[in-house]
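Visitor: Could you take me through the aromatic side chains, and then through the parts of the fold that they lead to? I would like a close, connected account rather than a list.

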Amino acid sequence: MSERRDVVVVGAGLAGLSAARDLERGGASVTVLEARDRVGGRVEQTELPDGRIVQLGGEVVGSRHTAYLGLVAELGLTLVPSYVAEPGDITREVPEAVDVGEWPSWFTGSDVAAHERVESAMAQVVRGIDPEDPWACPDLHRLDRMSVGDFVREAGATPSVLRSYDLVHLSLADGSIERTSMFAYARKIAVGGGTSSYDVEEWENQRVAEGSATVALRMAAELGDLRLATPVARIVVGSGGCMVTTAAGEVLRSEAVVLALPSGPARDVDIVGVSEERLASLRRQRHAWAAKFVAAYEEPFWRARGQNALAESEGVLGSTWPQGDGVLSALVPPERYAAFVASDAVTRTREALEQVARMFGDRALSPVRTWTRLWGSDPWTQGYVTNWRPGDVEAVGPLHGTHEPPFYVCGSDQWVAGYLEGAVRTGRDTAREALRGSVR
């Protein structure tokens, strides 16, 4: 039986590490349990022989991601412009064309006008949602049961405009517009930044020069009791404290527990002593099954073609973007995940590179190295970002992101706008709540 701690934190991604760091700084004794043999969760990086850092997980943040930006400053790390500063034009790949430029080739003047009408309608919905109290929106029920696709059609989208919206949403790898709640999407924009559609200049304009995983590594280095390769099987919450049992059978006792796991792995933990309403809310969340593909090249060859390596595609790779000098990232969206993972690793890599070559030229076929992360199939992630399907917001309910002391939750899933910001924001908020309540 281990020494009784003030808090046991389950999960050493950005959320768990942020919570543990602030708890320890507040005077609490903390043990962090992590299933993997490394920290960071869906934030991970490696280094090429020439010193370039390659991001294999989360990379970028936006101007309104204040919790993350503040943490980066505390850790003495450096923020620099992200891929949005890359010169050149965006690329769109569809079966009949590869376009480079602001508008798709299948757009006419009437499509541009229809697009502007839809954007105006979206902006009106976003303005009607209070970021501090989204549940007060009088149109919540209707909008939550309506897909983004249905809203876009209702707002007057032409077939070409509808196609372009789905292209954008699949590029973000959180699901098609036909399977995304309109309220969830508008709430995300209202809370996280922007006026209508997702704006990369708002959401993805900065990155950590030393690598996003360095944020996790520096926090981990400050902690006193961090245990890797230690998955948790059971959490019991009671009036006399909490008991956490690892998969190996070790029992840890504490005053409070912080669950900092993604929604999928959290469902695999047996949790006792928490209200049924709380568990139902937590377990009702779902993830988009997505994958990340990364290819490193000697140089950013796409620049010579006038392209910035930012792409949206109807191929298996839904999007690409340059994460660094000559390093290209790509996402496989949920609707194409099965086709991607159904083949062997060699075939997956070859087909991904062939798609990149269709967009940026044959030099894409000769990378220095490639990496693939199958987040949907990974037992410790079981997905990418929260996937809010029509009806999910009300089904998860207002308990989302709240606590039931001495049981606390944090993670990107627990902030409506997700991202690295969601992990850090909820992790730090959880530490403050625990220090004010169960942990003294």
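Guide: A residue is called buried here when its relative accessible area is under 20%, exposed when that area is over 50%, and partly exposed in between. The model is a predicted one, and with that in mind the rings are a good place to begin.

The structure holds 9 aromatic pairs. One of them joins Trp 103 and Phe 107, whose rings lie 5.5 Å apart, centre to centre, with 25° between their planes, and this pair is stacked. Phe 107 has a relative accessible area of 12% and is therefore buried, whereas Trp 103, at 34% relative accessibility, counts as partly exposed. Another pair, formed by Tyr 297 and Phe 301, is edge-to-face, with 85° between the planes and a centre-to-centre distance of 5.0 Å. Tyr 297 is buried, its relative accessible area being 2%, and Phe 301 is buried too, at 6%. These two residues belong with Trp 302 and Phe 360 to one aromatic cluster.

Rings also meet charged side chains in this model. The charged end of Arg 348 sits over the ring of Phe 340, at 5.9 Å from the ring centre, and the charged end of Lys 188 sits over the ring of Trp 203, at 5.5 Å from the ring centre. Lys 188 is worth following further. With a relative accessible area of 15%, Lys 188 falls under the 20% limit and so counts as buried. Once neighbours within four places in sequence are set aside, Lys 188 is in contact with Asp 174, Gly 193, Tyr 198, Trp 203, Val 416 and Ala 417. Lys 188 lies in helix α7, which spans residues 182-192.

That helix leads on to the nonpolar interior. The largest nonpolar core has 42 residues, and Met 122, Val 152 and Met 182 are those with the most contacts inside it. At least two residues of this core come from each of α3 (109-127), α4 (140-145), α5 (148-154), α6 (159-171), α7 and α14 (392-396). Of these contributions, the one from α7 is the greatest, with 8 residues.

Helix α3 also holds Arg 117, which at 46% relative accessibility counts as partly exposed. Not counting residues up to four places away in sequence, Arg 117 touches Ala 155 and Gly 156. Between Arg 117 and Glu 34 there are 48 Å, C-alpha to C-alpha, and a separation of 83 residues in sequence.

A sheet completes the account. Three strands form an open sheet in the order β5-β9-β6, with antiparallel pairing. Its edge strands, β5 (60-61) and β6 (79-81), each pair on one side only. Strand β9, residues 206-208, runs antiparallel to β5 and is joined to β5 by 2 bridges; Val 60 stands opposite Arg 207 in β9. Helix α2 (residues 66-74) packs on this sheet and touches β5, β6 and β9, its direction making about 35° with that of β9.

Conventions: Residues numbered from 1 in each chain as written. Predicted model: local features only at pLDDT ≥ 70, side-chain atom pairs only at ≥ 80, totals over all residues. Heavy atoms only, no water. Phe/Tyr/Trp six-rings, centres within 6.5 Å; stacked < 30°, edge-to-face > 60°. Buried < 20%, exposed > 50% of the residue type's maximum accessible area, 1.4 Å probe, protein only. Lys NZ or Arg CZ within 6 Å of the ring centre and 35° of its normal. Helix = DSSP H or I, 4+ residues; strand = E, 2+ residues; numbered from the N terminus. Contact = heavy atoms within 4.5 Å. Pairing = 2+ DSSP bridges. Axes fitted to C-alpha atoms, helices over the stretch in contact; angles between N-to-C directions. Core = buried A, V, L, I, M, F, W, Y, C linked by side-chain atoms within 4.5 Å.
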